[in-house]
Amino acid sequence: MKPEQKLYHLFKKNCPKIRITRLELFSAQGVSDLLLYTDSNGFSLLELKIQTGNRIKFSPFQIQFHTTHTKRNYILVQAAGGPPSKGLNLFSSKDIAGLVSDPRSVQPLASDNWELIEKKIISA
């Protein structure tokens with residue numbers, strides 16, 4: 001199983017208050033990986049990324065999508081090779097430029113805490 005698939009399963013398991021639909025859009029490049037729904041907040045999107053070293057790889061289409069869709073759109077990043085619930089950071093799409101240049105310079109919305117990650121998405 002690919003690392004992003006593992007992260008998807010971890011997110012689904014640890015955020016039970018969020019209804020999740022995995023998107024497989026080959027014709028709409030750059031669209032986030034997951035469509036999320038909560039009764040309190042409606043729909044939002046989540047991009048799953050694995051960070052290797054000090055870099056997070058984004059395609060130009062993903063950068064454009066996150067730059068132009070900044071409300072209720074998130075990026076969940078997990079450090080490669082670490083324990084399943086460590087090295088997790090939730091970011092807003094508005095932080096895409098910082099994540100591309102230097103992820104260490106961006107303050108996450110939540111880190112290493114599934115309950116807080118779920119709460120941030122639900123209460124946005």
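Q: What makes the backbone oxygen of Lys119 and a polar atom of the side chain of Ser123 a polar contact?
A: In this predicted model, the two atoms lie 2.8 Å apart. A polar contact requires a pair of N or O atoms within 3.5 Å; the pair formed by Lys119 and Ser123, at 2.8 Å, therefore falls within that limit.

Q: Why is Ser123 called exposed?
A: Ser123, found in the segment after helix 4, has a relative accessible area of 52%. The term exposed applies over 50%, so the value of 52% places Ser123 in that class.

Q: Why are Trp114, Ile117, Glu118 and Ile121 said to line one face of helix 4?
A: These four residues of helix 4 (residues 114-122) are buried. Seen down the helix axis, the buried residues fall within an arc of 95°, and they therefore line one face. In an α-helix there are 3.6 residues a turn, so residues three or four places apart point the same way. The face of helix 4 turned away from the buried side carries the exposed residues Glu115 and Lys119.

Q: Which elements do the buried residues of helix 4 pack against?
A: The partners are helix 1 (3-14) together with strand 2 (34-38), strand 3 (42-51), strand 4 (73-79), strand 5 (88-92) and strand 6 (110-111).

Q: What makes Asn113 a cap of helix 4?
A: A side-chain oxygen of Asn113 lies 3.1 Å from the backbone nitrogen of Glu115, at the N-terminal end of helix 4. With a limit of 3.5 Å for a polar contact, the distance of 3.1 Å therefore qualifies.

Q: What makes strand 1 and strand 6 edge strands?
A: The open sheet has 6 strands in the order 1-2-3-4-5-6, with mixed pairing. Strand 1 (19-22) and strand 6 each pair on one side only, and are thus its edge strands.

Q: How do you know that strand 1 and strand 2 pair?
A: 4 bridges join these two antiparallel strands. Pairing requires at least two bridges, so strand 1 and strand 2, joined by 4, satisfy the condition. One of the residues involved is Thr21, whose bridge partner in strand 2 is Leu35.

Q: Why is the aromatic pair of Tyr37 and Phe43 called tilted?
A: The ring centres of Tyr37 and Phe43 are 4.9 Å apart, and 55° separates their planes. Ring centres must lie within 6.5 Å for a pair, and planes under 30 degrees apart count as stacked, over 60 as edge-to-face and the rest as tilted. The angle of 55° is neither under 30 nor over 60, so the pair of Tyr37 and Phe43 is tilted. Tyr37 has a relative accessible area of 26% and is partly exposed; Phe43, with 48%, is also partly exposed.

Q: How do you know whether Ser93 is buried or exposed?
A: Ser93 sits in the loop between strand 5 and helix 3 (96-101). Its relative accessible area is 0%. Buried means under 20%, so Ser93 is buried. The side chain of Ser93 also makes a polar contact of 2.6 Å with that of His66.

Q: Why is Phe65 called buried?
A: Phe65 belongs to helix 2 (residues 60-68) and has a relative accessible area of 11%. That value is under the limit of 20%, so Phe65 counts as buried. Leaving out residues up to four places away in sequence, Phe65 touches Gly30, Val31, Ser32, Leu45 and Asn73.

Key:
Residues numbered from 1 in each chain as written. Predicted model: local features only at pLDDT ≥ 70, side-chain atom pairs only at ≥ 80, totals over all residues. Heavy atoms only, no water. Buried < 20%, exposed > 50% of the residue type's maximum accessible area, 1.4 Å probe, protein only. Arc of directions from axis to C-beta. Contact = heavy atoms within 4.5 Å. Polar contact = N/O pair within 3.5 Å; in protein donor to acceptor, adjacent residues only side chain to side chain. Phe/Tyr/Trp six-rings, centres within 6.5 Å; stacked < 30°, edge-to-face > 60°.
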